[in-house]
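Colleague: I would like a close look at one part of this model, a place where two helices pack together. Please take me through it step by step.

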Amino acid sequence: MSGAAVALTGFRHSVYTRVARIALAEKRVDHDYEEHDPFAPGARGSHPFGRVPVLRHGDFTIYETAAITDYIDRAFDGPALMPRDSKAAARVAQVIGIVDAYGYWPLVRQVYSHAVYRPVLGEPVAPEIIAEGLEAAPGVLGALDALAAEGLVLNGGFTRADCHLAPMIAAFASAPQGAAMLGDFPRLAAWWAMVRTRPSVVETDVPLSPESPRG
């Protein structure tokens with residue numbers, strides 16, 4: 001592993017920041033953490049699109065979470081986060097794609113945000129947005145459940161797919177409606193029951209309180 005300094009810039013309640021933090025924890029990478037609230041008025045950061053996270057390793061800077069976890073896995077010693085088998089590796093990439101393209105919005109921005117995050121912070125809640133998220137969620141959970149049942153991914157090992165999916169399911173399942181729905185997908189629920197106690201997942205859980213930054 002390179003001895004160059006590693007720093008992660010993120011927002012403490014960002015699921016994508018947590019993805020990167022889980023990957024760093026799994027690879028046991030010592031790093032500095034810099035908090036940046038991209039929602040704060042006038043916020044300016046090193047991400048050209050105003051997002052988080054951003055990883056710096058010496059003079060190398062990278063953004064976009066999938067690229068960050070790929071770099072972390074390749075650049076540092078520690079347990080591999082990608083399987084050698086080509087089909088299993090393809091399934092890992094597929095789960096990451098499902099999370100980004102179809103999972104994040106209904107699971108996090110709709111259900112979690114309006115059923116958990118906003119109520120704790122005393123912000124306005126839109127029940128119709130929760131309903132929209134719950135309507136879309138079964139399609140996402142069903143696809144992931146089928147992949148878990150196949151056995152090539154989400155199967156007891158720990159890969160970049162687990163890094164990316166765990167924060168999304170953690171957020172979704174923190175809503176009573178999400179936890180109840182997750183139980184309808186037994187393979188995915190069994191995966192979550194196992195992964196939620198993993199040290200890297202436990203250590204990166206940041207409690208939500210009324211004093212938390214608005215997002």
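Modeller: What follows describes one helix pair and then one residue within it.

The model is a predicted one. Two packed helices are described by the angle between their axes and the distance between the axes. Here the pair is helix 3, residues 86–121, and helix 5, residues 160–173. They pack at an angle of about 15 degrees, and their axes are 9 Å apart. Angles under 35 degrees count as roughly parallel, so helix 3 and helix 5 are roughly parallel to each other. Helix 3 passes helix 5 in a left-handed crossing.

Next come the residues that make the contact. Helix 3 contributes V92, V95, I96, V99, Y104, L107, V108, V111 and Y112. From helix 5 come R160, A161, H164, L165, M168, I169, A171 and F172. Sorted by class, the contact has 15 nonpolar residues, one polar residue and one charged residue.

H164, which lies in helix 5, can be followed further. Is H164 buried or exposed? Its relative accessibility is 1%, and buried means under 20%, so H164 counts as buried. Leaving aside neighbours within four places in sequence, H164 is in contact with V19, T65, A66, T69, I96 and V99. Of these, I96 and V99 are among the helix 3 residues that make the contact with helix 5. With T69 there is also a polar contact: the side chain of H164 and the side chain of T69 make it at 2.9 Å.

Key. Residues numbered from 1 in each chain as written. Predicted model: local features only at pLDDT ≥ 70, side-chain atom pairs only at ≥ 80, totals over all residues. Heavy atoms only, no water. Axes fitted to C-alpha atoms, helices over the stretch in contact; angles between N-to-C directions. Helix = DSSP H or I, 4+ residues; strand = E, 2+ residues; numbered from the N terminus. Parallel < 35°, antiparallel > 145°, perpendicular 65-115°, else oblique. Left-handed = near helix turned anticlockwise from the far one by under 90°. Contact = heavy atoms within 4.5 Å. Nonpolar A, V, L, I, M, F, W, Y, C, P; charged D, E, K, R; others polar. Buried < 20%, exposed > 50% of the residue type's maximum accessible area, 1.4 Å probe, protein only. Polar contact = N/O pair within 3.5 Å; in protein donor to acceptor, adjacent residues only side chain to side chain.
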